[in-house]
Amino acid sequence: MSKSEYKSTLNLPQTAFPMKANLPQREPEILKRWEETNLYPQIVEQQKEAPAYLLHDGPPYANGHIHLGHALNKILKDIIVRSRNQMGFRSEYVPGWDCHGLPIEHQVDKELGPKKKTMTQTQIRSECRKYAKKFVEIQKKEFQRLGVMGDWEHPYLTMDPSYEATIVREFGQMVRAGGVYRGRKPIHWCVSCQTALAEAEVEYENHRSASIYVKFPVISNDKALQLKSEGKKFSFVIWTTTPWTLPANRAIAVHPQFHYLALETDNELLILAEELLEVCKKDWLLEVKEIPKRWLGSELEGIVCSNPLTGLPSPVILGEHVHAEQGTGVVHTAPGHGQEDFEIGQRYKLEVFSPLDDQGRFTREYPPLEKVGVFEANPKIVQELQEKEALIPNRSKEIEHSYPHCWRCKKPVIFRATSQWFLSMSHNDMRKRALQEIEKVEWVPPWGKDRIRGMLESRPDWCLSRQRSWGVPIVAFHCQDCGEAILNPDWIEHVAKQIEKDPQGTDLWFSKLALELLPSGAQCLQCHGSRLEKEMNILDVWFDSGVSYAAVVEKRFPRVGRASLYLEGSDQHRGWFQSALLTALATQRRAPYDTVLTHGFTVDGEGRKMSKSFGNVIAPEEVIREYGSEILRLWVTAEDYTEDVRISGDILKQLADTYRRIRNTCRYLLGNLFDFDPQKDRVSYSQLLDIDRFMLHQLHQLLTQAEQAYTSFQFHKIYHSVHKFCVTDLSAFYLDILKDRLYTSAKNSRERRSAQTVLYDTLIHLVQGIAPILPFTAEEVWSYIPNRADSKSVHLSKGWKIEKEWHNLELASQWETLLEIRGEILKPIEIARQQGTLGSSLEARVEIKPAKSHLELLQRYRDGLPTLLIVSQVNLVSNALADGSWKSPLWPEMEIRVDRARGSKCQRCWNYKEEVGTFLEAPDLCGRCFDVIKSHSVHGSTGSP
């Protein structure tokens, strides 16, 4: 036979599976097939009797195209849902959207422009609804393009009438439980958006503010200082970065345990905390002299000073909140403009004064600055204090510090006392119960528990009300006769029923009169009057999403009870995780989740925040257009998402290279299974070759690690394990060694079928293992597996069947030693190739003098050593080798000599054998190939022995 005829007798790989992924084009085709075959409903039906594992989706805002943060979040969720289904759970995924709130209304306001002034509230709400609906559909397609599987035909929307009715009912339950009240207290207020803000709607950014030291002269009870002043006046010195709050000053606070002293100038005595003396002396442009007298802060209580701006009394009070990090240790206190100020003001019965309107302008309550905005007022107030000689000149006239900004308009916010609706953190031990409940939840990573605990320990009462149009109304009424604000649980339920039935849901609140909304005969509970008005504030949007456990989990999955997992970014410790917990506890439930998992934010390759100004923003659609969704999914998997996740062009290229290696490994496995039918050709485990059983042990290890990693959400471990398995365990070792046996053995020989059995099991389990991460590729590979009796889709296959018999520690220990020895022997072979002594490693003959500890093992496997080393001949010797041998640095007893192989090259398998040329019918073949050729000639293509 000629060389070309020999080639026809080889079992060379055959597969139609394409080497080029072409993911941007192929993924949409697979998505279409999933939709046409109703894949997700099939999975749900298949798993309906399995134990439930419910990941509850935190709703993104329906107000724009998705960004990489969305992609990170949704892909993580999809990996979990897919893997839990594959592991034998019933894991359904209902996507949701947050449709109300300022982000959407803000954008609609911009689009409407001046036209908004001519529109009714209901008309504005209609535009908001259209806008939200448009982006729900846009984001839905974008999420689906990422390969995210779920009930996309029936998502939950917070603007659906049924959902809105649930929001109102949950509010009613909170009212019934007694935790909701109306009060006047300071809250974050955005003067641009003209609404109250929740803590979660506030971002802290750097801001430049005035830095001033203001003297508050003592006007009474100065004898408490017990100091001869010799006619000099005393003044307490405060430091502030918000001069605009000084008109609302009602006291100055000192720490009861700090020591205070007086500094003498030419004409006055200045009192401040000793702990901050050096800080002030460095900053003040003033010559001062210390007075030896010291006072505890507790001794100063009751001294009355004068506000230098207004002339109003400002008593000295005691406060534990006074700190010694900055300032003077004497704190200007305005109960209408600060949470701590408000709380201490309540203790001392101070007036809650806040002379500002919704636009942050001073009202006629402070005539000198009427209609002047707070930030414009700062220089005016500083100028007035300067004229009154109430300022201490200082070096740091301005400072840059962290200051609260509105998360939507990005502008600085203020603390402003207004009448709002609140959820009490003290009623029914709410704070205590919340802290107890978080101990029962699993937090991933564990520091999440400390983070939310710290926030709950210090959080004020929840401000529930917002002064906007687009949201769910606070179902309360006001009596026009006596002014009473009325919360009636029965009335709230009456309204909820109407909302549920109306196609426009809560729009009816804004289009109907109070009389039409109330039950017949409704009267004020205080004065029994019937002239009632609607409350026009809406609920905080965090309340909308917070009660999603009631609207979605409890309604759609009544047998489940509560969510197995909440998964969002780490900013949700102060957002959704808290609002869900507090709304659940306020209605006498437990925490709505068993586990809470958080991920970091997306940053560029240098760790910088994504920003248009930096020019480092990468849109998901850009990545998909160039690489496909699978590379984005691989990116999510490869990184430790508990920290900020980096992405860049270089990172994507590296991931694409990793993807190609995984894909090519699958392609090679497919190519060598073209004639394998597991029903007929499988070799039992006991009859497999040792190296094949060792590879099943390695596969067992991979699957076990993957299952543990999926269970514990450590997906980066799967990425690294799969990559190593494909590149090192398979490509660089097993498949490289296997080529000779696969290609040159008789088609139906035990040796070849043994290898194919392992390749088949490896491919099936590898594809199932990567299916949650690379669902498109796994589906594509699955469709090319020949003679597969399993389901049509990999996502319907019964994964994670890890055979116990594959776990063989004794065999693995032997082969791990063999691999160590192999690694040493390959070194002198490579040296010989580099020196030009050898071309291919098959030209080599290797002599080995083993270490005594390895002798028995190498003798046991001596017949397979040429295959293991991919050389033609191996000879084990007991005596020292001739000069020129290579000695192992690991095992000094081991010597290795590499020479050219003896005999001639077989033209079929390319091994060098001394018997080549001894067969008359085929003088250019070795004995093994000659036997195969004879069999092939007799039996044709079957290759039967």
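Axes are lines fitted to C-alpha atoms, for helices over the stretch in contact, and angles run from 0 to 180 degrees between N-to-C directions. The model shown in these views is predicted.

**View A. Packing of helix 23 against helix 24.** Helix 23 spans residues 690–711 and helix 24 spans residues 715–744. Their axes lie 10 Å apart and make an angle of about 170°. Angles over 145 degrees count as roughly antiparallel, and helix 23 and helix 24 are therefore roughly antiparallel to each other. The contact of helix 23 with helix 24 comprises 17 nonpolar, three polar and four charged residues.

**View B. Open sheet of four strands with parallel pairing.** The strand order is 1-26-27-19. Strand 1 (55–56) and strand 19 (442–444) form the edges, each pairing on one side only. Helix 4 (residues 68–86) packs on this sheet and touches strand 1, strand 26 and strand 27. The direction of helix 4 makes about 155° with that of strand 26.

**View C. Pairing of strand 26 with strand 27.** Strand 26 (residues 563–569) and strand 27 (residues 593–599) run parallel and are joined by six bridges. L567 stands opposite L597, which belongs to strand 27.

**View D. Open sheet of three strands with antiparallel pairing.** The strands are arranged in the order 23-22-24. At the edges are strand 23 (485–486) and strand 24 (532–534), and each pairs on one side only. Strand 22 (residues 477–479) runs antiparallel to strand 24, and three bridges join the two. Opposite F477 stands K534 of strand 24.

Note on methods: Residues are numbered from 1 along each chain as its sequence is written. This is a predicted model: local features need pLDDT of at least 70, side-chain atom pairs count only at pLDDT 80 or more; totals for chains, interfaces and linings use all residues. Side-chain values use heavy atoms; hydrogens and water are left out. Angles under 35 degrees count as roughly parallel, over 145 as roughly antiparallel, 65 to 115 as roughly perpendicular and the rest as oblique. Ala, Val, Leu, Ile, Met, Phe, Trp, Tyr, Cys and Pro count as nonpolar, Asp, Glu, Lys and Arg as charged, and the others, Gly among them, as polar. Two strands pair if DSSP finds at least two bridges between them. Contact means heavy atoms within 4.5 Å.
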